[in-house]
Amino acid sequence: VTILVCRDNDGAWSVAEEVQEAAKTGRALAPKVAKDGVVAIREADDALENLVDDSRHVLLLYMTDRLWYDQDGTVARLVQAAMDRKITIAMVHEQTPTLGGCPFSTFFQGQTPQVLLQPPYSLYNALAIPLYGSPEHRKVSLRHVLRRMGAAPCDAGLLWRKQKQLLHFMSVARLVRRRPLQQGESRDSQSRRSWNRYGQS
């Protein structure tokens, strides 16, 4: 699989390299759509112009308090272009304040371009994966990113891996709507609970 990264998305390339390393050293394998099992990284701007097989690509969106403030709006343009091509967007939400971490609600407060908030894009209908700073929690976060990209544990049975891959490709073809917030529940706490349930599956 190839991780597409926008150079104007500050810090995204470094996170992509962490994901790449996690695929080599962890229990999670790169998706079978990559024939050699290698996770590659490419600049999104160049790659989107020449893609042949979109199913082998994932756009990594590194979410910090600087996400949508690139000068030319390149990040938003590439996210829109990737979604137009049904490319999976792996949203990784930084949690460490010194690295630009901010509450998820910040992205709804005038930062995100309106076109990405509305159908047919509805970017935030999918869950973002929280990226924590401590080594033990960061390792888990990176595994979740790999799973979002369609990876399966190396000791998983063939049927289980095929099922996970099928669910991955189905998610590309549809937008998954979040359930309504319960009384007194914040969007951040909802995301954390969903993330924890996802990790136990």
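Here are four short exercises with worked solutions on the structure above.

This is a predicted model, where local features need pLDDT of at least 70 and side-chain atom pairs count only at pLDDT 80 or more, while totals for chains, interfaces and linings use all residues. Residues are numbered from 1 along each chain as its sequence is written, and side-chain values use heavy atoms, leaving out hydrogens and water.

**Exercise 1: the sheet**

Work out in which order the strands of the open sheet stand.

Step 1. Get the terms straight: helices (H or I, at least four residues) and strands (E, at least two) are DSSP runs numbered from the N terminus. Two strands pair if DSSP finds at least two bridges between them.

Step 2. Read off the order: the 5 strands run β3-β1-β4-β5-β6, with parallel pairing.

Step 3. Look at the edges. β3 (40–43) and β6 (129–131) each have a single partner strand, so one side of each has no neighbour in the sheet.

Step 4. Zoom in on one pair. β1 (residues 2–5) joins β3 in the parallel sense over 4 bridges, and L4 sits opposite R42 in β3.

**Exercise 2: helices on the sheet**

Find which strands α1 and α3 lie across.

Step 1. Contact here means heavy atoms within 4.5 Å. Axes are lines fitted to C-alpha atoms, for helices over the stretch in contact, and angles run from 0 to 180 degrees between N-to-C directions.

Step 2. Take α1 (residues 12–25): it lies across β1, β3, β4 (57–63), β5 (88–94) and β6, at about 165 degrees to β3.

Step 3. Now α3 (residues 74–84): it lies across β4 and β5, at about 145 degrees to β4.

**Exercise 3: two helices meet**

Describe how α1 and α5 cross, and which residues meet.

Step 1. The axes of α1 and α5 (residues 135–148) come within 9 Å and cross at roughly 90 degrees.

Step 2. Angles under 35 degrees count as roughly parallel, over 145 as roughly antiparallel, 65 to 115 as roughly perpendicular and the rest as oblique. So α1 and α5 are roughly perpendicular to each other.

Step 3. On the α1 side you'll find E18, V19, A22 and A23, which meet R138, L142, V145 and L146 of α5.

Step 4. Sort that contact by class: 6 nonpolar, no polar and 2 charged residues. (Ala, Val, Leu, Ile, Met, Phe, Trp, Tyr, Cys and Pro count as nonpolar, Asp, Glu, Lys and Arg as charged, and the others, Gly among them, as polar.)

**Exercise 4: backbone oddities**

Place P120 and K86 in their loops and note the backbone there.

Step 1. P120 is in the loop between α4 (114–117) and β6. The peptide bond from P119 to P120 is cis, with omega near 5 degrees.

Step 2. K86 is in the loop between α3 and β5. K86 has a positive phi of about 65 degrees, though it isn't a glycine.
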